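Subject: Structure handover

Hello,

Here is the structure for you to open. My notes follow below it.

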Amino acid sequence: MVFTTRPELAGTFGMVSATHWIGAQAAMAMLERGGNAVDAAVAGGLALQAAEPQQNGPGGDLTLIFAEPGSPPRVLCAQGPAPERADVAAFRDLGLDQVPGTGLLAAVIPGATLGWLTLLADHGTLSFADVVDAPVRVAEEGVPVTARLAAALERMAPHFVRHWPSSATLYAPGGVPHPVGSLLRNPALAATWRGLVQAEASASARGAGRREAVAAVVREWTEGFVGKAIDAFCRTPYRDSSGTDHAGLLTATDLAAWRPHYEDTVSVDFRGWTVHKCGFWSQGPSFLQQLTILDAVPGFGEGRLAPGTEGYIHTILEATKLALADRDAWYGDGPDVPFEELLSPDYGAKRARLISDEASLEVRPGSPGGRMPRLPDLTVRGEFEAAGVNGLGEPNAVRALLEANSLPDPDGRARTDTVHLDVVDRWGMMVSAMPSGGWLSSSPVIPELGFPLGTRLQMAWLEEGLPNTLAPGRRPRTTLSPSLATRGGEAVLAFGSPGGDQQDQWQPHFFLEVALRGAGLQEAIEAPAFHSVHLPSSFYPHEAQPGVALVEGRAGQDVVDGLRRRGHRVGVAGDWQIGRLCAVARDPEAGLLRAGADPRGMTAYAVGR
């Protein structure tokens, strides 16, 4: 028996894993009352908006993969696009060469809440009032402030007081941020949800069925009191990370015109498994490219390249650099992505031949189909600055990154700014959901609604002619990246982790532990973690740290020394600092369901029976 810090749960009724115990329990409550995995996921996702406001919010984004028995997995894309007025010229006219990382200019059309409502209407069984009941009570009665949340409030409080007074009122009343162990209440958010429940109730009273009543909630969000409040708030300038006050570009017309939609997944086969991801408008296919590259490396997964060895970690780091270079050169929300070539075994084998025993310090995108790659400006912008990862984008393993650059850590804590939720029910329905954005550090709280807008537009480039160039109606290439795997055509594994650019590093590492050596979920989650920050961050200010690899100390000094001899610039993270994985699994033959959750961060939890 392999020791793990938490048990791997097993049962036959239903399983949930989420990045906060409140989200996990809210989801499980829906299963207990007879709801399916979708009902549970929606309740858990809304509860996470109240429980982890530093990680996500109602005004953020959502990408999700779900599978119903007898049907192939599908993607629900609730990643909102750029507003109609958001183009390169609009930002150039303001004297900006990047989309700011905070403030109203970077807001896309908010998709998270609309995504949950869409999924509930189409695939759930319960009402909106049912699934939002627990989240309303969390907002009204208060969420216990964890150390991670308290650190975020403390970092942001001075900015709130000086520039975002509505955020100060909620999160730092009188200029004092809520301390660890206190209760953070959000009555405005509770009132917003109650207003949406009333829209559903009014529709039901007029004779609408369940689905039509949820559609009334969608209309209230897009065209009713929520949409009107968002439109009005975006007209007032607020300070953003450019150092200047700017109004937003988002309008009521944008909100009324857009809806989430369903898509096919993209997938590759790997040693008896099929891994499904969102499309090339996300970074998800970089996970799949890593698998095709690694599968072509002779002996990968065995001997000197067995999991946990120096050679194994080195090989994965090099494959990651190649996949992410292709991400930056080729991925985007458009018709010209050479997706078939990028995911082909032949292309993966060609890329694998670039991996040597030494760490590469180059950025090496490929030429799929003979096309010439074009990268955005990848200039390293001076020395690494802590401010570049402090509350602007989606910072992760900050302590190790700072140590790798011989800089002091302002508060000694790693940070992650996303949440994750996995659910599997007794009928075999499975959901893997990655909500994010609308963080308390992203933009000012809209007072009447109790939440801020997101800043996903910062991921788009202001250079013309790139796959990820900013354009109205185009989705910025998102880092949000849930995962679902099938075997024999049946959904058997749903998993994910917060982590920005690291999402599609930590998740493949977990999957490889399961696929290569048959590790249990909890065992694979707790394996020593690592990742590369060789490529530029997807978040403002898009800093790059060539050759830097971050490794948890539990990997062992011999592994760290070996990686350094190969030329990696290794930052040693704390033993339990990198990652925040969640996972659920299903064995169709045995009828057994399983779940695990990451002890890192000390908030994630799995529940089930």
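**The cores**

Start at I230. Beyond its neighbours within four places in sequence, I230 is in contact with P110, L250, L255, I446, L449 and L453. Please keep in mind that this is a predicted model.

I230 belongs to the largest nonpolar core, which has 86 residues. Which members of that core touch the most other members? They are V16, L64, W116, F128, V131, W193 and I230. Helix α2, residues 37-51, gives the most to this core. Its share is eleven residues. Another core lies apart from this one. That one has 53 residues, including V266, L288, L305 and L493. As background, nonpolar side chains tend to be buried together in soluble globular proteins.

**Cysteines**

How many disulfides does the structure hold? Zero. A disulfide is a covalent bond between the sulfur atoms of two cysteines. Take C582 as one case. The closest cysteine sulfur to that of C582 is in C278, 16 Å away. That is too far for a bond, because a disulfide needs the two sulfurs within 2.5 Å. C582 is also buried, at 0% relative accessibility. C234 is buried too, with a relative accessible area of 1%.

**The second largest pocket**

The second largest pocket holds about 330 Å³ of space. It is lined by 26 residues. Closest to its centre are E513, A524, A527, P528 and A529.

Three helices each supply at least two residues of this lining: α13 (310-330), α17 (503-517) and α18 (521-525). Which of them gives the most? That is α17, with five residues. By type, the lining of this pocket has 16 nonpolar residues, seven charged and three polar.

**Cavities**

The structure holds four cavities of 30 Å³ or more. The second largest cavity has about 120 Å³ of space. Its lining has 19 residues. Closest to the centre of this cavity are Q49, A50, P53, Y171 and N186. Two elements give two or more residues to the lining: α2 and α7 (165-171). The lining of the second largest cavity divides into twelve nonpolar residues, six polar and one charged.

P53 deserves its own look. Where does P53 lie? It is in the loop between α2 and β3 (61-67). Is P53 buried or exposed? P53 counts as buried, because its relative accessibility is 8% and the limit is under 20%. Leaving aside neighbours within four places in sequence, P53 is in contact with L149, Y171, L184, G438, W439 and L440. Y171 therefore appears twice here: it is a contact of P53, and it is among the residues closest to the cavity centre. P53 and S441 are 388 residues apart in sequence. In space, their C-alpha atoms are 9.1 Å apart.

**Another buried proline**

P81 sits in the loop between β4 (74-78) and α3 (88-93). P81 counts as buried, at 6% relative accessibility. Beyond its neighbours within four places in sequence, P81 is in contact with V108, I109, W258, G473, R474, R475 and P476. L322 is 241 residues from P81 along the chain. The C-alpha atoms of P81 and L322 are separated by 27 Å.

**Positive phi**

Two residues to look at in the backbone are R271 and M602. R271 has a phi near 50°, a positive value in a residue other than glycine. R271 lies in the loop between β10 (266-270) and β11 (273-277). At 38% relative accessibility, R271 counts as partly exposed.

M602 has a positive phi of about 60°, although it is not a glycine. Its place is in the loop between β20 (592-597) and β21 (605-608). Is M602 buried or exposed? M602 counts as exposed, because its relative accessibility is 70% and the cut-off is over 50%.

Best wishes

Terms used: Residues numbered from 1 in each chain as written. Predicted model: local features only at pLDDT ≥ 70, side-chain atom pairs only at ≥ 80, totals over all residues. Heavy atoms only, no water. Buried < 20%, exposed > 50% of the residue type's maximum accessible area, 1.4 Å probe, protein only. Core = buried A, V, L, I, M, F, W, Y, C linked by side-chain atoms within 4.5 Å. Helix = DSSP H or I, 4+ residues; strand = E, 2+ residues; numbered from the N terminus. Contact = heavy atoms within 4.5 Å. 1 Å grid on protein atoms, 1.4 Å probe; cavity = no way out; pocket = protein on both sides within 12 Å on 5 of 7 lines; lining within 4 Å. Points joined across faces, edges and corners; volume = space filled by probe spheres on them. Nonpolar A, V, L, I, M, F, W, Y, C, P; charged D, E, K, R; others polar.
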